[in-house]
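Please open the model in your viewer and keep the sequence panel beside it. The tour goes from the whole chain to single residues, with a selection suggested at each stop.

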Amino acid sequence: MSDTEIPLNPRQVARRLALQALYAWLLTQNALRAIELDVIDEQATKKPCDRPYLHELLEQIPIHQQALENSLARYSSRALSAVSPVERAILLIGAYDLCHRLEIPLKVAINEAVDLAKTYGATDGYRFINGVLDKLAEEVRSPKAPQGK
């Protein structure tokens, strides 16, 4: 690790692993449980991971995928089917955190997704991710929004 590299906390490691698994799932449509086991086995000894959170993301995002994508589509300038699988997976993670993990502060949910996009997405993909999630956050985290969407 270089001096400028900031170590990841276990929740950030879980998000990165979830991104890997969701990306593979979106590309292959293989069973997500098998993909999760492969990802966990590969990364098991490398860095501490919030495994319950990782498992929740990989179990719940597919269950809520259609609703999450419907919400995201309202704020996307392009069809989600046209968004790269990496950025689509990042949007799903960010949207899940915004809509279903209300204890995660809004800014943290968005910043974590933006950081994933800066690391793994296209050159300016983080701007797209930020814009879509920021607009979604206004809908689901405003004082007037129904909680636990």
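What follows is a walk through the chain, one helix and a few chosen side chains.

Before selecting anything, bear in mind that this is a predicted model, in which local features need pLDDT of at least 70 and side-chain atom pairs count only at pLDDT 80 or more, while totals for chains, interfaces and linings use all residues. Residues are numbered from 1 along each chain as its sequence is written, and side-chain values use heavy atoms, with hydrogens and water left out.

**The whole chain**

Show the protein chain as a cartoon: there are 6 helices and 0 strands, where helices (H or I, at least four residues) and strands (E, at least two) are DSSP runs numbered from the N terminus. Of its 149 residues, 43% count as buried, buried meaning under 20% relative accessible area, exposed over 50%, and partly exposed in between, with a 1.4 Å probe and protein chains only. Switching to a surface, you see an accessible area of about 8,100 Å², of which 52% belongs to carbon and sulfur atoms; such areas come from the Shrake-Rupley method with a 1.4 Å probe, and for residues only the protein chains shown count as cover. Where contact means heavy atoms within 4.5 Å, 70% of the contacts between residues at least 6 apart in sequence join residues at least 24 apart.

**Helix H3**

Next select residues 51-73, which form helix H3. At its start, a side-chain oxygen of Asp50 reaches to within 3.1 Å of the backbone nitrogen of Tyr53. Tyr53 is one of the buried residues of H3, a list including Leu57, Leu58, Ile61 and Leu68. Arg11 lies over the face of Tyr53, at 4.2 Å from the ring centre; a charge sits over a ring if NZ of Lys or CZ of Arg is within 6 Å of the ring centre and within 35 degrees of the ring normal.

Move along H3 to Glu59, which is partly exposed at 40% relative accessibility. Its side chain makes a polar contact of 3.1 Å with the side chain of Gln60, a polar contact being a pair of N or O atoms within 3.5 Å, where within protein one must be able to donate a hydrogen and the other to accept it, and residues adjacent in sequence count only if both atoms are side-chain atoms.

Pro62, also in H3, counts as partly exposed because its relative accessibility is 27%. Not counting residues up to four places away in sequence, Pro62 touches Trp25, Leu32 and Leu57, and its C-alpha atom is separated by 9.6 Å from that of Trp25, 37 residues apart along the chain.

Which residue should be centred to view the kink in H3? Choose Gln65, where the kink is about 65°; the bend at a residue is the angle between axes fitted to the seven residues ending there and the seven starting there. Gln65 is buried, with a relative accessible area of 17%, and beyond its neighbours within four places in sequence it is in contact with Trp25, Leu26, Arg88 and Leu92.

**Helix H6**

Finally, select residues 125-140, helix H6, and pick out Phe128. With a relative accessible area of 13%, Phe128 is buried. Leaving aside its neighbours within four places in sequence, Phe128 is in contact with Ser76, Ser77, Arg78, Val83, Glu87 and Leu91. As a last selection, show Lys118 and Tyr126: the charged end of Lys118 sits over the ring of Tyr126, 5.1 Å from its centre.
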